[in-house]
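Colleague: I am new to reading protein structures, and I would like to go through one slowly. Could you show it to me and let me ask questions?

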Amino acid sequence: MNSLEFNYHKPNTLEEVCNILDNSENAAIIAGGTDVLVEIKKGLRQNDDIVSLKKLHELKILKEENNEIIIGAAVTHNEVKDSTLIKNNLSALSDAASNIGTDQIRNTGTIGGNLCTGASCCDMAPVLLAYGAKVEIVSSSEKKIIPIKDFFFSHRKTLIGKGEILTRIIVPIPPPKTGVCFLKFGLRDAASISVASVGVMIKLVNGVCSEARIAIGAVAPAPKLCDKASELLTGLTPDDLSDDNTLLKVAEAAAGEALPLDDIRGSADYRRNLVKTLTKRAILKAIAQTI
Ligand SMILES: Cc1cc2nc3c(=O)[nH]c(=O)nc-3n(C[C@H](O)[C@H](O)[C@H](O)COP(=O)(O)OP(=O)(O)OC[C@H]3O[C@@H](n4cnc5c(N)ncnc54)[C@H](O)[C@@H]3O)c2cc1C
């Protein structure tokens with residue numbers, strides 16, 4: 001078979017998906033196809049079986065349950081962007097979705113497909129890491145829910161193994177006095193792949209940061225949390241962070257946790273500097289939401 005020859009499956013249930021994945025040597029799931037189809041056309045992948053998620057309505061859910069927002073893996077970026085539920089509860093996720101690709105890409109590309117590419121520059125990762133999201137993974141033998149921080153291994157490697165499918169993304173609704181911000185930098189205003197991206201969550205209790213997460217994308221083999229930089233935010237007040245030196249110390253710590261490469265979109269040094277600048281800006285924007 002050449003890369004354009006494969007069996008195309010359009011199962012109706014998750015059980016059928018798992019069955020096809022279990023019985024194929026090298027099946028691939030296709031959701032929106034914005035990555036898979038490009039790779040097939042370029043001959044970068046060779047799959048005997050391609051399994052579409054189009055008929056699986058359970059992967060299109062978007063609902064609130066037990067103070068969490070449940071997003072089906074096959075929900076598109078434009079559905080995330082336009083959802084009132086998401087705008088009202090997870091505005092930074094809506095912002096992130098609205099900055100992905102073009103309308104054509106956002107109409108077909110899905111949140112699950114974005115995460116499952118495992119690309120270090122996938123924009124949904126830093127913002128979901130900042131929110132402290134979890135992901136649900138299903139196979140014929142089990143269903144597991146894991147923190148998204150454990151989902152990414154290295155470039156294009158995720159926790160999804162053979163026979164497994166990402167079914168849901170579960171995002172806790174941030175408590176009051178919590179700010180979340182996602183910022184990305186690309187080489188043009190529209191349809192731009194991130195050269196660096198940052199997600200920040202800051203939770204204030206009695207005017208003091210009690211919990212914080214800083215996540216970075218496109219500047220390490222995989223999207224990641226910056227644990228040391230996040231730790232530095234804990235115990236600080238918005239007043240402390242209005243001091244440029246304090247802010248810089250946190251931003252420099254985040255840049256120090258990046259492991260960027262030189263490539264056509266930017267040098268490693270340039271990317272580290274971007275992390276510094278984006279982290280500072282994202283912290284200030286997150287803080288502004290808590291006041
Ligand atoms: C012009 C252009 C611009 C783009 N701009 C951006 C951008 O700004 N930011 C950004 O982050 N990305 C961008 N992308 C990349 C891509 O569009 C997104 O990553 C998109 O969200 C992928 O989703 P999809 O549903 O199309 O995935 P697909 O192409 O269907 O699948 C991608 C990968 O995930 C696997 N997969 C999909 N769904 C599941 C599932 N539920 N369970 C297990 N495995 C699964 C597939 O097997 C495949 O390996 C762009 C792409 C193009 C072509």
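Modeller: What follows is a set of questions and answers about this chain. It is a predicted model, in which local features need pLDDT of at least 70, side-chain atom pairs count only at pLDDT 80 or more, and totals for chains, interfaces and linings use all residues. Residues are numbered from 1 along each chain as its sequence is written, and side-chain values use heavy atoms, with hydrogens and water left out.

Colleague: How many helices and strands does the protein chain have?

Modeller: Helices (H or I, at least four residues) and strands (E, at least two) are read as DSSP runs, numbered from the N terminus. Counted in this way, the protein chain has 12 helices and 14 strands.

Colleague: What radius of gyration does the protein chain have, set against that of a compact globule?

Modeller: The radius of gyration is taken over C-alpha atoms, and the globule rule is 2.2 Å times the number of residues to the power 0.38. Because the chain has 291 residues, a compact globule would come out near 19 Å, and the value for the protein chain agrees with this, being 19 Å.

Colleague: Which domains does the assignment give, and how many residues does each of domain 2 and domain 3 bring to their contact?

Modeller: The bounds, which come from an automatic or database domain assignment, give domain 1 (7–52), domain 2 (60–172) and domain 3 (178–290). Contact means heavy atoms within 4.5 Å. The C-alpha centres of domain 2 and domain 3 lie 20 Å apart, and their contact takes 23 residues from domain 2 and 24 residues from domain 3.

Colleague: Is alanine 255 buried or exposed, and which residues farther along the sequence is it in contact with?

Modeller: Alanine 255 sits in helix H11, which covers residues 244–257. Buried means under 20% relative accessible area, exposed over 50%, and partly exposed in between, with a 1.4 Å probe and protein chains only; alanine 255 has 5% relative accessibility and therefore counts as buried. When its neighbours within four places in sequence are left aside, alanine 255 is in contact with Arg272, Val275 and Lys276.

Colleague: Where is glycine 33 placed, and is it buried or exposed?

Modeller: Glycine 33 belongs to the loop between strand S2 (28–30) and helix H2 (36–41). Its relative accessibility is 9%, so glycine 33 counts as buried.

Colleague: What share of the residues of the protein chain count as buried?

Modeller: The same cut-off for burial, under 20% relative accessible area, applies to the whole chain. Of the 291 residues of the protein chain, the share that count as buried is 49%.
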